[in-house]
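Please look at the ligand and at the residues that gather around it. By class, what does the shell around the ligand have?

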Amino acid sequence: MASTPETTPVATYRNYIGGQWTESQSGRTYPITSPASKQTVLGEFQTSTPADALQAVAAAEAALEGWANTPAPARAQVLYRALEIMGRRSDELARTITLEEGKPLADARGEVRRAMNIIEYAAGEGRRMFGYTTPSELPSTVAYTVRRPLGVVAIITPWNFPIAIPAWKMAPALICGNTLIFKPASITPFSAVKLTEVFEEAGLPPGVLNLITGPGGSVGNALVESEAVRGISFTGSTEIGTGIYAEGARRLKKVQCEMGGKNAVILLADADLDKALGGIVQGAFGSTGQRCTATSRVIVEEEVYDSFMEQLVERTGRLKVGDGMAPDTDVSPLSSQSQLDTVLEYIGVGAEEGANLASGGRHLTGGEFDQGYYVEPTIFTDVTPEMRIAQEEIFGPVLTVFKAKDLEEAVQISNSVKFGLSSSVYTRDLPRAYRYINTVEAGMVHVNAPTLGGEVHLPFGGLKASGVGQREQGVEAVDFFSEVITVYIDYADEARTPAPFI
Ligand code: NDP
C-alpha cells in the first residue's frame with residue numbers, strides 16, 4: 001500500500017554506489033507520485049549530480065578487475081540467485097511497477113516474468129560465451145577467439161518498462177564481466193531501487209552495479225561523456241538516442257540505442273478477422289499504448305474495411321479504463337502529466353489535420369479520473385500518410401487507420417515513416433505473407449500476431465530511426481557487451497621465415 005504525506009512519513013531512497021546506499025552530493029531529493037493517484041507520494045529519490053555519476057564510475061572502475069576475472073560460470077551463480085529472489089519478490093516488484101508507471105497489474109506481472117526470463121537466459125551464457133577456433137594458414141599455429149568484457153558500461157533506461165528493460169541490459173552486461181552504472185528514467189526510480197536491491201541481495205560484489213537517480217540531461221550526460229565508460233546501452237526517444245550515439249562515436253565508445261516506433265499492422269482481406277481484431281486492440285491500447293512495440297497504425301485492405309471498422313469501434317468501446325490495480329482494468333492511466341499533455345496535443349493535431357475521430361478522444365475527468373492521467377482509447381480514420389499523427393510516435397492509446405487497395409500499397413504506407421521497429425500482417429495467404437516479410441522495413445516482423453512481444457533468446461530492435469548499434473537480447477547481447485580478441489599461438493620449434501606481412 002502506498003504511503004501518503006498525511007498518513008505515513010514518506011521514505012527517502014538513496015543511490016547505490018560501491019555497495020553503499022548513498023545520498024547525493026546535492027543534498028536534494030525529489031518526490032515520485034503515482035499516475036493513478038497524483039496525491040500519493042511513493043517516495044523521495046536522490047536528485048543526483050554529475051559528481052555523483054563520476055563517483056559511481058570510479059566505483060565501477062575499482063570493481064572491474066575482480067568481476068572481469070571471476071569465471072563466467074561463477075558470475076552466472078549470482079544471476080541464478082537474483083532469479084530466485086525475483087521469483088520470491090515478484091508480487092512486490094509487479095505492484096511497484098503498477099504504482100509507479102501505472103500499467104495494469106497483469107501487464108506488470110508479465111514484465112517481471114520477462115525480466116526473469118532474460119536473467120535466466122543470460123546466466124546460461126555463463127557456460128557458453130563462445131569464441132571459435134579455426135585452422136591457421138601457418139603450420140604449427142593455433143588460432144582462436146576469446147571474449148573479454150568491454151569494461152565500465154552505462155545503462156540508460158526509459159520509464160515504460162522500468163524493470164524489464166534495465167534487466168535485459170544488465171543481465172547480459174554482468175555475465176560478460178562488465179561493471180555498470182544504471183541511470184533509470186527520472187519518473188521510475190522506485191522500480192530501479194527494487195531491482196538494484198535484488199542484485200544486492202544476490203551477492204553482487206560492491207561496485208559491480210551502481211544506481212544513480214536524477215536528471216538525464218546532467219547525470220546521464222556525465223556518463224556519456226566520461227572517458228572511463230566504454231559502452232552505453234540506451235532505450236528511449238530517438239532525439240536523445242541520436243545525441244548519445246553521436247557523442248559516443250566521437251569518444252569511440254560502443255553504443256546501442258533502441259528508440260521510437262510507429263508500428264503498423266496490415267490487415268488483408270483473407271485474414272481471420274476475429275484474430276486480427278484481438279491483436280490490434282491489444283497492440284494499440286494494452287499498456288495504454290506506451291510500449292515501443294505498440295500498434296500505432298492499421299492499414300486495411302479495402303474489401304474488409306467497413307466490417308473491420310464497425311467491429312474495431314465496438315470492441316474498443318468495451319475497454320474498461322481505470323486504475324491499473326483494479327483487476328478489470330484494460331486501459332490504465334498515462335504515466336505522467338507530460339505524457340498526458342503530449343497525447344492530448346496529438347489528438348488535437350489529428351482533428352486539425354482533417355482526420356476523422358471515429359472513437360474516444362477525450363481526456364477523462366470526474367471521480368477517480370481526477371486522481372490520474374486518463375485518456376479514452378482513441379481511433380482516427382481517414383488518415384493519410386503525410387499527416388503528423390501518421391508519422392510521429394504518439395506513445396499513447398491512439399490508433400490511426402488507413403485504407404489500401406492491395407498488399408503493395410499497404411506495405412508502401414507501412415514503410416512511409418522514419419521508424420522501423422515492429423510490424424505485423426494478418427493473412428492466410430502464404431505467398432503474400434512472404435512478400436510482406438521480404439519487403440516490410442522493420443526489425444521485428446510478425447505474421448498473424450500483434451506487433452507486441454518478443455522472446456529473450458531472439459534479437460530485439462529496429463531499423464531506421466528505431467535503432468542503431470547491435471541488437472539487444474539473444475546471442476547479439478553477448479556480442480554487444482564483449483570485445484572479441486583474436487589469439488595466435490606459434491608452437492613451432494624454430495623461427496618462422498619470412499615474417500608475417502601484416
Ligand atoms: P528520453 O529519451 O527523454 O529518456 C530516456 C532516458 O534517457 C531517461 O533515463 C532519461 O533521463 C535519459 N536522458 C535524457 N536526456 C539525456 C541526456 N542528454 N543524456 C543521457 N541520458 C539522457 O525519453 P522519455 O522517457 O522522456 O520519453 C519521451 C518519448 O520517448 C516518449 O514519449 C516516447 O515517444 C519515446 N520513448 C520510446 C521508448 C521506447 O521504448 N522506444 C521508451 C520510452 C520513451 P530522464 O528521465 O531523467 O530525462
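The shell around the ligand has 12 nonpolar, 13 polar and 2 charged residues, where Ala, Val, Leu, Ile, Met, Phe, Trp, Tyr, Cys and Pro count as nonpolar, Asp, Glu, Lys and Arg as charged, and the others, Gly among them, as polar. This is a predicted model, in which local features need pLDDT of at least 70 and side-chain atom pairs count only at pLDDT 80 or more, while totals for chains, interfaces and linings use all residues. Residues are numbered from 1 along each chain as its sequence is written, and side-chain values use heavy atoms, with hydrogens and water left out.

In total, 27 residues surround the ligand (each with a heavy atom within 4 Å of it), and the closest are W159, S186, S237, M259 and E393. The shell draws at least three residues from each of domain 1 (48-259 + 466-485) and domain 2 (263-447), with bounds that come from an automatic or database domain assignment. Its largest share, 4 residues, comes from α7, a helix in the numbering of DSSP runs from the N terminus (H or I, at least four residues).

Polar contacts, meaning pairs of N or O atoms within 3.5 Å, can be followed one by one. A polar side-chain atom of E393 lies 2.7 Å from an oxygen atom of the ligand, whereas T157 places a backbone N or O atom 2.8 Å from a ligand oxygen. The protein covers 82% of the 870 Å² of accessible area that the ligand has on its own, as computed by the Shrake-Rupley method with a 1.4 Å probe.

Note on methods
A polar contact is a pair of N or O atoms within 3.5 Å; within protein, one must be able to donate a hydrogen and the other to accept it, and residues adjacent in sequence count only if both atoms are side-chain atoms. Helices (H or I, at least four residues) and strands (E, at least two) are DSSP runs, numbered from the N terminus.
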